[in-house]
Structure formats: C-alpha cells, structure tokens
Amino acid sequence: MNDISLVIATYNWPRALELCLISVLGQSVLPDEILIADDGSREETKMVIEAYQAKFDIPLRHIWQEDKGFRLAQIRNKANAAALGAYLIQIDGDLILHPDFISDHLDARLKGYYVGGSRVLLDAKKSGEHLAALNAQISFFDAGIANRMNGWHFPMLSKLISPLSNSHKLRNIRGCNMAYWREDFIAVNGYDERFEGWGKEDSDLVIRFIKMGLKRRFFKWAGIVYHLFHNEADRTSLGNNEARLKEIAHSDKYRCDKGIDQYL
C-alpha cells in the first residue's frame, strides 16, 4: 500500500508541468505515487504526462475533468479520492520543488496536524529562463527571486521553532504547498465544491480542519517551492467565495455538504 501521494494541480500549462515533474524526479526522496489533478487541460498536457510516465519508477496517474471553468476544489477532491496514500502532499503544477521538498514534508508530518507551507516567487525573466531550459536547479543566491528568505533551507531550525508557533494561524495559507492525512481530509469531506472560480477554497479547508481540532505545523525554511511567474487569474468570483468563507467561519460545521464523498 502506498504511503505518500503527491497531488499536482494543473491547467493548460504543459511546459510548467514538465518542469515541475523534472523537479520531482530530482527529489532526494520520492513519493509513492503522483496524481495530476487536471482541471480540463488540452491534449498537450496529456502528452507531457504520458512521456513522463516512462521516466518514473512510481505510478504517475492523470485525473482529468472536462473544462467547465475554474473548478480546482472539485478536481482536487477527485484526485484525493483516487489517491492510495495515507498522507497527501498537494502542490500546483507551476512550481519548481527544492530537492528535499518531499523529505521535508515527511519529517514534518504528525498526527493531529496539517502542514501549510510557503513559496518563493520568481520574476518573469527568471521564470522564462528556467522554462526555456527546463532547468529545475535554483540557488538561494540567484537573481530574479522575491521573498528570498522563504528559500533559506534550514529544516532543523524549522523543527525547533514549530512548538512556539500559533497553530491556528490562517495567514499565508497556500494551497500550492499543503499536506494532510487523507483520513482527516475525508473527515471534513474534502474541498467544498461550492467554491468555483479563483480563491479561498484552501482557506475554507483549513478553517474546517481547525474546527475539527487539527493544528497547523510550522513549516518555514523547509518544504521549499519556487513559484513560476504568470499573469493573475480572473478574480471575478472572489467576492462570492469570500462570502462563503465568512459563512463557514461563523458556523460550527467542519464538514462541507458537497465534497469528496461523491467520489469515494
């Protein structure tokens, strides 16, 4: 039985997904399986996945749904339902992973906790260079990096500080770098699929984790991801999603009504 599933969300950016998969191939510790949570990409993405299935010694599975707009909550539910791992690490397909990304997540996992990590932002020029060369090697000292201190790799210090951190802190929750036990995800019924369009589905999930009694594991200076530059997504749905978030924040419910149970 697989223990660790890496779930990668993607939509119509096959070059970035390929670079992400190259960085997964370079991990010091591999997950037991990879699932691509594909929110309706065209044929080019499928071709990249098929090409890399031959490069991995672990299963690389493509979970696809028809393109009917931004439905990230739904495709993550479908991928997590298909996952065999007891522990799920979720990222986005426009990231380059530090070589110890999976290893750091394994060291941080703890029953009763979820992990919310941070990211390092690459500017347009540096992102273009790495995409053109399919180069997954990044140095802390490279030019073209914002919020550079997020790229400082010091997992031992991260562990030492973890007990001092606010375990109910919602600030800087990033769905592009999270991890949790699959049984906890199922207990809250996964992502709330009422969240359509960009924004707040990850914050909603975390609020319900906290209401269920989970704590957040401090994860600074470990589990580093480098985020490729891209134009902002359409945010016209943000107002509606923020209203839904306020609704759950003032509720005692931790289990959503429309979630992962549809696919189990």
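Select Ile145, which is buried at a relative accessible area of 13%; buried means under 20%, exposed over 50%, and partly exposed in between, with a 1.4 Å probe and protein chains only. The model is predicted, so local features need pLDDT of at least 70 and side-chain atom pairs count only at pLDDT 80 or more, while totals for chains, interfaces and linings use all residues. Residues are numbered from 1 along each chain as its sequence is written, and side-chain values use heavy atoms, with hydrogens and water left out.

Ile145 sits in the loop between helix 5 and helix 6 (155-161). Helices (H or I, at least four residues) and strands (E, at least two) are DSSP runs, numbered from the N terminus. Now show what surrounds the residue. Neighbours within four places in sequence aside, Ile145 is in contact (heavy atoms within 4.5 Å) with Val120, Leu121, Leu122, Lys126, Ile138, Ser139 and Phe140. For a distance label, pick the C-alpha atoms of Ile145 and Arg119: they are 11 Å apart in space, with the two positions 26 residues apart in sequence.

**Helix 5 and helix 1**

Next, select residues 124-133, helix 5, together with residues 14-25, helix 1. The two pack at an angle of about 75 degrees, and their axes are 9 Å apart. Axes here are lines fitted to C-alpha atoms, for helices over the stretch in contact, and angles run from 0 to 180 degrees between N-to-C directions. That angle makes helix 1 roughly perpendicular to helix 5; the classes are roughly parallel under 35 degrees, roughly antiparallel over 145, roughly perpendicular from 65 to 115, and oblique for the rest. Helix 1 contributes Arg15, Ala16 and Leu19 to the contact, and helix 5 contributes His130, Leu131 and Ala132.

Stay on helix 5 and select Lys125 and Glu129, which lie 4 residues apart, about one turn of the helix. They form a salt bridge whose closest N and O atoms are 2.7 Å apart; the term covers a side-chain nitrogen of Lys or Arg within 4 Å of a carboxyl oxygen of Asp or Glu. Lys125 is exposed at a relative accessible area of 61%, and Glu129 is partly exposed at 41%.

**Other salt bridges**

The structure holds 12 salt bridges. Select Asp3 and Arg109, whose side chains meet in one of 2.9 Å, N to O. Asp3 belongs to the segment before strand 1 and Arg109 to the loop between helix 4 (101-108) and strand 6, so the pair ties together parts 106 residues apart in sequence. Asp3 is partly exposed, with a relative accessible area of 30%, and Arg109 is also partly exposed, with 27%.

Then move to Asp192 and Arg194, joined by a salt bridge of 3.1 Å, N to O. Asp192 is buried at 5% relative accessibility, whereas Arg194 is partly exposed at 35%. Add Glu247 to the selection: Asp192, Arg194 and Glu247 are linked in a network of salt bridges.

**Helix 8 and helix 9**

Select residues 201-212 for helix 8 and 238-249 for helix 9. They pack at an angle of about 5 degrees, with axes 10 Å apart, and are therefore roughly parallel to each other. Ser203, Asp204, Ile207, Arg208 and Lys211 of helix 8 meet Leu245, Ile248 and Ala249 of helix 9. By class, this contact has 4 nonpolar, 1 polar and 3 charged residues; Ala, Val, Leu, Ile, Met, Phe, Trp, Tyr, Cys and Pro count as nonpolar, Asp, Glu, Lys and Arg as charged, and the others, Gly among them, as polar.

**The sheet**

Switch to the strands. An open sheet of 7 strands runs in the order 3-2-1-4-8-6-9, with mixed pairing; two strands pair if DSSP finds at least two bridges between them. Strand 3 (60-64) and strand 9 (215-217) stand at the edges with a single partner strand each, so one side of each has no neighbour in the sheet. On average, neighbouring strands are turned by 25 degrees against each other, direction ignored.

At one edge, select strand 6 (residues 113-116) and strand 9, which run parallel and are joined by 3 bridges. Tyr113 stands opposite Lys215 of strand 9. Helix 2 (residues 43-53) packs on the sheet and touches strand 1 (4-10), strand 2 (33-38) and strand 3; the direction of helix 2 makes about 160 degrees with that of strand 3. Helix 3 packs on the sheet as well, touching strand 1, strand 2, strand 3, strand 4 (87-92) and strand 8 (177-181).

Finish on helix 3, residues 72-82: 9 of its 11 residues are buried, so helix 3 is largely enclosed by the rest of the structure. Among the buried residues are Leu72, Gln74, Arg76 and Asn80.
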